[in-house]
Amino acid sequence: MILFTPGPLTTDRRTREAMLDDWGSRDPAFIALTAQLRQSLLALAGGEASHICVPIQGSGTYVVEAAVGTLVGPKDKLLVLENGVYGARMGTIAARLGRAVEFLRWPQDRPVDAAQVQARLKADPAISHVGLVHCETTTGILNPLEEVARVTAEAGRALIVDAMSSFGALALDLRKTKVTAVLASVNKCLEGTPGIGFALVERTALEKAGPAASLSLDLKAQWQGFESNGQWRFTPPVQVVAAAVKALALLEAEGGPTARLARYRENFATLLAGMKRLGFSLYLDEAVQAPIIATFRMPAGFPLSFAAFYAALAQKGYLIYPGKLTGESTLRIGCIGAVRPEDFEGLLTAIAAILKEEQ
Ligand SMILES: *Cc1c(COP(=O)(O)O)cnc(C)c1O
(Lines give C-alpha, C1' and ligand atoms only; values in the text may rest on other atoms or scores of the structure.)
Protein backbone atom coordinates (compact mmCIF):
# COMPACT_ATOMS: atom_id res chain seq x y z
CA MET A 1 0.00 0.00 0.00
CA ILE A 2 1.18 3.53 -0.75
CA LEU A 3 -0.28 6.04 1.70
CA PHE A 4 -1.14 9.53 0.48
CA THR A 5 -2.08 10.62 3.96
CA PRO A 6 -0.76 13.13 6.51
CA GLY A 7 0.45 10.47 8.94
CA PRO A 8 0.86 7.71 9.58
CA LEU A 9 2.28 7.81 6.12
CA THR A 10 4.45 5.84 3.74
CA THR A 11 7.79 5.14 5.40
CA ASP A 12 11.11 3.95 4.03
CA ARG A 13 11.71 0.22 4.42
CA ARG A 14 14.99 0.98 6.24
CA THR A 15 13.00 2.93 8.86
CA ARG A 16 10.64 0.04 9.42
CA GLU A 17 13.57 -2.41 9.56
CA ALA A 18 15.07 -0.36 12.39
CA MET A 19 12.16 -1.66 14.49
CA LEU A 20 13.25 -5.30 14.38
CA ASP A 21 15.38 -5.21 17.53
CA ASP A 22 14.39 -5.30 21.19
CA TRP A 23 15.79 -2.67 23.50
CA GLY A 24 15.97 -2.53 27.28
CA SER A 25 14.50 0.83 28.23
CA ARG A 26 17.03 1.29 31.07
CA ASP A 27 19.99 -0.05 29.11
CA PRO A 28 22.82 2.40 28.29
CA ALA A 29 22.40 1.71 24.56
CA PHE A 30 18.77 2.84 24.63
CA ILE A 31 19.58 5.81 26.87
CA ALA A 32 22.12 6.87 24.24
CA LEU A 33 19.55 6.38 21.47
CA THR A 34 17.07 8.60 23.32
CA ALA A 35 19.72 11.27 23.83
CA GLN A 36 20.54 11.13 20.12
CA LEU A 37 16.87 11.51 19.18
CA ARG A 38 16.40 14.52 21.48
CA GLN A 39 19.61 16.15 20.23
CA SER A 40 18.80 15.65 16.54
CA LEU A 41 15.26 17.03 16.87
CA LEU A 42 16.57 20.14 18.60
CA ALA A 43 19.30 20.64 16.01
CA LEU A 44 16.75 20.48 13.17
CA ALA A 45 15.20 23.71 14.47
CA GLY A 46 18.41 25.36 15.67
CA GLY A 47 17.17 25.24 19.26
CA GLU A 48 20.27 23.85 21.01
CA ALA A 49 21.08 27.05 22.91
CA SER A 50 17.57 28.04 23.93
CA HIS A 51 15.19 25.07 23.93
CA ILE A 52 14.79 21.63 25.47
CA CYS A 53 13.49 18.65 23.49
CA VAL A 54 10.90 16.68 25.45
CA PRO A 55 9.53 13.63 23.62
CA ILE A 56 6.38 12.03 24.99
CA GLN A 57 4.70 8.68 24.30
CA GLY A 58 1.59 8.91 22.16
CA SER A 59 0.31 10.60 19.02
CA GLY A 60 0.56 14.30 18.25
CA THR A 61 -2.52 15.23 20.25
CA TYR A 62 -0.86 13.87 23.40
CA VAL A 63 1.98 16.35 23.11
CA VAL A 64 -0.45 19.22 22.43
CA GLU A 65 -2.32 18.25 25.58
CA ALA A 66 0.94 17.90 27.53
CA ALA A 67 2.16 21.32 26.35
CA VAL A 68 -1.07 23.16 27.13
CA GLY A 69 -1.36 21.42 30.51
CA THR A 70 2.25 22.15 31.42
CA LEU A 71 2.80 25.65 30.04
CA VAL A 72 -0.59 27.35 30.41
CA GLY A 73 -1.13 27.77 34.16
CA PRO A 74 -4.38 28.12 36.10
CA LYS A 75 -4.01 31.93 36.13
CA ASP A 76 -3.07 32.20 32.45
CA LYS A 77 -5.21 32.73 29.37
CA LEU A 78 -4.67 31.09 25.99
CA LEU A 79 -5.72 32.76 22.75
CA VAL A 80 -6.16 30.12 20.05
CA LEU A 81 -5.89 31.25 16.42
CA GLU A 82 -8.34 28.97 14.68
CA ASN A 83 -8.88 28.25 11.00
CA GLY A 84 -9.35 24.49 11.14
CA VAL A 85 -9.98 21.50 13.38
CA TYR A 86 -6.51 21.32 14.92
CA GLY A 87 -6.74 24.88 16.23
CA ALA A 88 -10.20 24.05 17.56
CA ARG A 89 -8.78 20.93 19.22
CA MET A 90 -6.07 22.91 21.03
CA GLY A 91 -8.81 25.14 22.44
CA THR A 92 -10.91 22.14 23.47
CA ILE A 93 -7.90 20.70 25.29
CA ALA A 94 -7.36 23.95 27.21
CA ALA A 95 -11.04 24.16 28.17
CA ARG A 96 -11.07 20.50 29.28
CA LEU A 97 -8.05 21.18 31.48
CA GLY A 98 -9.89 24.11 33.04
CA ARG A 99 -7.61 26.74 31.50
CA ALA A 100 -9.01 30.09 30.36
CA VAL A 101 -9.21 30.07 26.57
CA GLU A 102 -10.48 32.35 23.82
CA PHE A 103 -10.52 32.04 20.08
CA LEU A 104 -9.75 34.31 17.18
CA ARG A 105 -11.30 32.68 14.12
CA TRP A 106 -10.92 32.80 10.35
CA PRO A 107 -12.72 30.89 7.62
CA GLN A 108 -10.98 27.60 6.79
CA ASP A 109 -9.73 28.89 3.45
CA ARG A 110 -8.15 32.02 4.93
CA PRO A 111 -4.80 32.20 6.75
CA VAL A 112 -4.46 33.65 10.23
CA ASP A 113 -3.93 37.43 10.05
CA ALA A 114 -1.11 38.65 12.31
CA ALA A 115 -2.43 42.24 12.39
CA GLN A 116 -5.66 41.01 13.99
CA VAL A 117 -3.65 39.00 16.50
CA GLN A 118 -1.63 42.08 17.36
CA ALA A 119 -4.80 44.12 17.94
CA ARG A 120 -6.33 41.42 20.13
CA LEU A 121 -3.21 41.15 22.28
CA LYS A 122 -3.19 44.90 22.73
CA ALA A 123 -6.85 44.92 23.73
CA ASP A 124 -6.56 42.07 26.24
CA PRO A 125 -3.52 42.14 28.54
CA ALA A 126 -4.80 39.01 30.33
CA ILE A 127 -3.84 36.84 27.36
CA SER A 128 -0.58 35.15 28.37
CA HIS A 129 -0.23 32.56 25.59
CA VAL A 130 -1.07 32.36 21.89
CA GLY A 131 -1.71 29.05 20.12
CA LEU A 132 -1.07 28.71 16.39
CA VAL A 133 -1.23 25.78 13.97
CA HIS A 134 1.56 26.21 11.41
CA CYS A 135 0.09 24.10 8.61
CA GLU A 136 -3.63 23.44 9.25
CA THR A 137 -3.92 19.87 8.05
CA THR A 138 -7.71 20.27 7.84
CA THR A 139 -7.27 21.99 4.48
CA GLY A 140 -3.49 22.19 3.98
CA ILE A 141 -3.37 25.95 4.51
CA LEU A 142 -0.12 27.59 5.60
CA ASN A 143 -0.38 30.08 8.46
CA PRO A 144 2.10 32.97 8.76
CA LEU A 145 4.31 31.71 11.58
CA GLU A 146 7.00 34.41 11.28
CA GLU A 147 4.52 37.30 11.47
CA VAL A 148 2.55 35.79 14.35
CA ALA A 149 5.80 35.07 16.22
CA ARG A 150 6.88 38.66 15.73
CA VAL A 151 3.67 40.29 17.03
CA THR A 152 3.44 37.81 19.91
CA ALA A 153 7.04 38.44 20.99
CA GLU A 154 6.60 42.20 20.65
CA ALA A 155 3.57 41.98 22.95
CA GLY A 156 5.60 39.93 25.44
CA ARG A 157 3.36 36.84 25.26
CA ALA A 158 4.28 33.18 24.89
CA LEU A 159 3.66 31.33 21.61
CA ILE A 160 2.76 27.64 21.33
CA VAL A 161 2.99 26.34 17.77
CA ASP A 162 1.43 23.10 16.60
CA ALA A 163 3.94 22.34 13.84
CA MET A 164 2.80 18.74 13.61
CA SER A 165 2.41 18.54 9.84
CA SER A 166 5.22 20.96 8.92
CA PHE A 167 8.18 20.13 11.17
CA GLY A 168 11.09 18.68 9.23
CA ALA A 169 10.05 20.16 5.89
CA LEU A 170 8.92 23.79 6.23
CA ALA A 171 11.71 26.02 7.50
CA LEU A 172 11.83 26.83 11.21
CA ASP A 173 14.86 28.41 12.87
CA LEU A 174 14.38 29.03 16.58
CA ARG A 175 17.37 31.40 16.58
CA LYS A 176 15.39 33.74 14.32
CA THR A 177 11.76 32.98 15.08
CA LYS A 178 10.73 33.45 18.70
CA VAL A 179 8.56 30.48 19.68
CA THR A 180 8.07 29.32 23.28
CA ALA A 181 7.10 25.78 22.33
CA VAL A 182 7.07 23.91 19.02
CA LEU A 183 5.00 20.73 18.99
CA ALA A 184 5.33 17.94 16.45
CA SER A 185 5.37 14.19 16.02
CA VAL A 186 7.88 11.85 14.40
CA ASN A 187 5.40 10.30 11.99
CA LYS A 188 4.70 13.22 9.64
CA CYS A 189 7.39 15.09 7.67
CA LEU A 190 10.10 13.32 9.66
CA GLU A 191 8.79 10.08 8.10
CA GLY A 192 9.11 8.00 11.27
CA THR A 193 6.57 5.51 12.57
CA PRO A 194 3.74 6.60 14.90
CA GLY A 195 4.04 6.64 18.67
CA ILE A 196 6.04 9.70 19.74
CA GLY A 197 5.13 13.36 19.95
CA PHE A 198 7.70 15.90 21.04
CA ALA A 199 7.95 19.49 22.21
CA LEU A 200 10.84 21.88 21.79
CA VAL A 201 10.31 24.20 24.74
CA GLU A 202 12.23 27.29 25.81
CA ARG A 203 14.29 26.31 28.83
CA THR A 204 13.12 29.36 30.80
CA ALA A 205 9.43 28.56 30.13
CA LEU A 206 9.91 24.96 31.21
CA GLU A 207 11.77 25.97 34.36
CA LYS A 208 8.98 28.20 35.56
CA ALA A 209 6.16 25.87 34.48
CA GLY A 210 3.99 23.58 36.51
CA PRO A 211 2.63 21.71 38.21
CA ALA A 212 1.00 20.26 35.10
CA ALA A 213 -2.68 19.40 34.91
CA SER A 214 -1.88 15.73 34.24
CA LEU A 215 0.54 13.25 35.82
CA SER A 216 1.65 11.46 32.65
CA LEU A 217 1.25 14.35 30.20
CA ASP A 218 3.69 16.56 32.10
CA LEU A 219 6.49 17.98 29.97
CA LYS A 220 8.41 19.34 32.93
CA ALA A 221 8.44 16.05 34.84
CA GLN A 222 9.30 14.22 31.62
CA TRP A 223 12.24 16.60 31.10
CA GLN A 224 13.38 16.17 34.70
CA GLY A 225 13.28 12.42 34.15
CA PHE A 226 15.62 12.72 31.15
CA GLU A 227 17.85 15.10 33.12
CA SER A 228 18.17 12.80 36.11
CA ASN A 229 19.01 9.49 34.43
CA GLY A 230 18.45 9.83 30.68
CA GLN A 231 15.40 7.59 30.86
CA TRP A 232 11.77 7.99 29.93
CA ARG A 233 9.51 8.22 32.98
CA PHE A 234 7.17 5.48 31.76
CA THR A 235 7.57 2.62 29.27
CA PRO A 236 8.94 4.14 26.06
CA PRO A 237 7.98 2.91 22.58
CA VAL A 238 11.53 1.59 22.09
CA GLN A 239 11.11 0.42 18.49
CA VAL A 240 9.54 3.75 17.52
CA VAL A 241 12.53 5.57 19.00
CA ALA A 242 14.88 3.37 16.97
CA ALA A 243 12.84 4.00 13.81
CA ALA A 244 12.78 7.75 14.47
CA VAL A 245 16.57 7.87 14.81
CA LYS A 246 16.86 5.98 11.50
CA ALA A 247 14.31 8.30 9.86
CA LEU A 248 16.32 11.33 11.01
CA ALA A 249 19.49 9.83 9.52
CA LEU A 250 17.62 9.38 6.23
CA LEU A 251 16.43 13.00 6.41
CA GLU A 252 20.03 14.14 6.79
CA ALA A 253 21.15 11.90 3.93
CA GLU A 254 18.43 13.41 1.73
CA GLY A 255 19.85 16.88 2.38
CA GLY A 256 17.81 17.99 5.39
CA PRO A 257 14.49 19.85 5.49
CA THR A 258 15.34 21.99 2.43
CA ALA A 259 15.76 18.94 0.19
CA ARG A 260 12.74 17.25 1.71
CA LEU A 261 10.58 20.31 1.10
CA ALA A 262 11.79 20.40 -2.52
CA ARG A 263 10.65 16.77 -2.98
CA TYR A 264 7.28 17.51 -1.37
CA ARG A 265 6.87 20.53 -3.67
CA GLU A 266 7.53 18.31 -6.67
CA ASN A 267 5.03 15.77 -5.35
CA PHE A 268 2.45 18.52 -4.93
CA ALA A 269 3.09 19.99 -8.40
CA THR A 270 2.74 16.56 -10.04
CA LEU A 271 -0.45 15.89 -8.11
CA LEU A 272 -2.00 19.28 -8.82
CA ALA A 273 -1.35 19.18 -12.56
CA GLY A 274 -2.77 15.66 -12.84
CA MET A 275 -5.84 16.31 -10.70
CA LYS A 276 -6.66 19.40 -12.75
CA ARG A 277 -6.49 17.28 -15.91
CA LEU A 278 -8.93 14.84 -14.29
CA GLY A 279 -11.42 17.62 -13.45
CA PHE A 280 -10.70 18.14 -9.73
CA SER A 281 -10.08 21.67 -8.45
CA LEU A 282 -7.86 22.73 -5.56
CA TYR A 283 -9.94 23.96 -2.63
CA LEU A 284 -7.42 26.59 -1.50
CA ASP A 285 -5.91 29.50 -3.34
CA GLU A 286 -2.47 28.22 -4.41
CA ALA A 287 -0.85 31.23 -2.73
CA VAL A 288 -1.83 29.96 0.74
CA GLN A 289 -1.41 26.24 0.06
CA ALA A 290 1.44 24.38 1.81
CA PRO A 291 2.91 21.43 -0.15
CA ILE A 292 1.94 19.06 2.67
CA ILE A 293 -1.62 17.95 2.01
CA ALA A 294 -4.00 19.12 -0.71
CA THR A 295 -7.78 19.37 -0.49
CA PHE A 296 -9.64 18.87 -3.78
CA ARG A 297 -13.26 19.54 -4.62
CA MET A 298 -14.96 16.56 -6.25
CA PRO A 299 -15.83 17.34 -9.90
CA ALA A 300 -19.52 18.03 -10.60
CA GLY A 301 -21.34 14.79 -11.42
CA PHE A 302 -18.53 12.60 -9.99
CA PRO A 303 -19.83 9.05 -10.44
CA LEU A 304 -18.73 7.57 -7.10
CA SER A 305 -19.24 8.26 -3.42
CA PHE A 306 -16.03 8.98 -1.50
CA ALA A 307 -16.28 5.53 0.13
CA ALA A 308 -16.59 3.74 -3.21
CA PHE A 309 -13.80 5.82 -4.75
CA TYR A 310 -11.58 5.17 -1.72
CA ALA A 311 -12.22 1.42 -1.94
CA ALA A 312 -11.50 1.32 -5.69
CA LEU A 313 -8.18 3.11 -5.16
CA ALA A 314 -7.31 0.92 -2.18
CA GLN A 315 -7.85 -2.11 -4.41
CA LYS A 316 -5.12 -0.70 -6.66
CA GLY A 317 -2.80 -0.16 -3.68
CA TYR A 318 -3.34 3.56 -3.02
CA LEU A 319 -4.77 5.04 0.16
CA ILE A 320 -6.16 8.58 0.11
CA TYR A 321 -7.79 10.64 2.84
CA PRO A 322 -11.34 11.94 3.28
CA GLY A 323 -12.03 15.66 3.23
CA LYS A 324 -12.66 17.35 6.57
CA LEU A 325 -14.85 20.25 5.47
CA THR A 326 -18.47 20.58 6.41
CA GLY A 327 -20.92 21.32 3.64
CA GLU A 328 -18.54 20.60 0.76
CA SER A 329 -17.69 17.38 -1.00
CA THR A 330 -13.89 17.17 -0.88
CA LEU A 331 -11.06 14.70 -0.55
CA ARG A 332 -7.48 15.09 0.64
CA ILE A 333 -4.24 13.73 -0.75
CA GLY A 334 -1.05 13.96 1.27
CA CYS A 335 2.21 14.93 -0.41
CA ILE A 336 4.44 13.92 2.51
CA GLY A 337 6.09 10.61 3.36
CA ALA A 338 8.54 8.39 1.51
CA VAL A 339 6.78 9.09 -1.79
CA ARG A 340 8.06 10.66 -5.00
CA PRO A 341 6.53 12.15 -8.14
CA GLU A 342 6.47 8.67 -9.79
CA ASP A 343 4.15 7.48 -7.01
CA PHE A 344 1.81 10.36 -7.77
CA GLU A 345 1.89 9.48 -11.48
CA GLY A 346 0.82 5.97 -10.44
CA LEU A 347 -1.99 7.35 -8.31
CA LEU A 348 -3.19 9.62 -11.13
CA THR A 349 -3.17 6.72 -13.59
CA ALA A 350 -5.24 4.68 -11.12
CA ILE A 351 -7.76 7.52 -10.69
CA ALA A 352 -8.07 7.90 -14.48
CA ALA A 353 -8.64 4.14 -14.85
CA ILE A 354 -11.36 4.14 -12.18
CA LEU A 355 -13.12 7.06 -13.84
CA LYS A 356 -12.95 5.30 -17.20
CA GLU A 357 -14.46 2.12 -15.74
CA GLU A 358 -17.36 4.17 -14.40
CA GLN A 359 -18.21 5.81 -17.73
C1 LIG B 1 -1.63 15.18 12.85
C2 LIG B 1 -1.86 16.47 13.52
C3 LIG B 1 -2.04 16.55 14.92
C4 LIG B 1 -2.06 15.35 15.82
O5 LIG B 1 -2.95 14.38 15.45
P6 LIG B 1 -2.79 12.91 16.04
O7 LIG B 1 -3.87 12.16 15.35
O8 LIG B 1 -2.97 12.98 17.51
O9 LIG B 1 -1.40 12.46 15.69
C10 LIG B 1 -2.16 17.79 15.49
N11 LIG B 1 -2.12 18.91 14.74
C12 LIG B 1 -1.95 18.88 13.41
C13 LIG B 1 -1.90 20.15 12.65
C14 LIG B 1 -1.82 17.65 12.76
O15 LIG B 1 -1.64 17.62 11.41
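Hi everyone, this is a short walk through one protein structure, from its sheet to its pockets and a few backbone details. Please keep in mind that we are looking at a predicted model.

Let's start with the sheet. Seven strands, or 7 if you are taking notes, make an open sheet with mixed pairing. Reading across, the order is S2-S10-S9-S8-S5-S3-S4. Which strands stand at the edges? They are strand S2, residues 51-57, and strand S4, residues 100-105. Each has a single partner strand, so one side of each is left without a neighbour in the sheet. From one strand to the next, the twist averages 20 degrees.

Now find strand S5, residues 129-133, and strand S8, residues 158-162. These two pair in the parallel sense, over 5 bridges. If you want a spot to look at, Leu132 stands opposite Val161 in S8. Helix H4, residues 85-96, packs on the sheet and touches S3, S4, S5 and S8. The direction of H4 makes about 160 degrees with that of S3, which covers residues 77-82.

On to the pockets. The largest pocket holds about 360 Å³ of space. It is lined by 26 residues, and the closest to its centre are His129, Ala158, Thr180, Ala205 and Lys208. Which elements give two or more residues to that lining? Those are helix H3 (60-71), helix H6 (145-154), S8 and H7. By class, the lining of this largest pocket has 11 nonpolar, 9 polar and 6 charged residues.

The second largest pocket has a volume of about 300 Å³. Of its 22 lining residues, Gly60, Thr61, Tyr86, Met164 and Lys188 lie nearest the centre. Here we meet helix H4 again: H4 gives the most to the lining of the second largest pocket, with 4 residues. H3 also supplies at least two residues there. The classes in this second lining are 10 nonpolar, 9 polar and 3 charged.

Last, some backbone details. Where are the cis peptide bonds I'd like to show you? One runs from Gly7 to Pro8, and Pro8 lies in the loop between strand S1 (2-3) and helix H1 (13-17). Another joins Gly210 and Pro211, with Pro211 in the loop between helix H7 (203-207) and helix H8 (219-229).

Then there is Glu191, in the loop between strand S9 (181-185) and strand S10 (196-202). Glu191 has a positive phi of about 60 degrees although it is not a glycine. Is Glu191 buried or exposed? Its relative accessibility is 6%, so Glu191 counts as buried.

How values were computed. Residues numbered from 1 in each chain as written. Predicted model: local features only at pLDDT ≥ 70, side-chain atom pairs only at ≥ 80, totals over all residues. Heavy atoms only, no water. Buried < 20%, exposed > 50% of the residue type's maximum accessible area, 1.4 Å probe, protein only. Pairing = 2+ DSSP bridges. Axes fitted to C-alpha atoms, helices over the stretch in contact; angles between N-to-C directions. Contact = heavy atoms within 4.5 Å. 1 Å grid on protein atoms, 1.4 Å probe; cavity = no way out; pocket = protein on both sides within 12 Å on 5 of 7 lines; lining within 4 Å. Points joined across faces, edges and corners; volume = space filled by probe spheres on them. Nonpolar A, V, L, I, M, F, W, Y, C, P; charged D, E, K, R; others polar.
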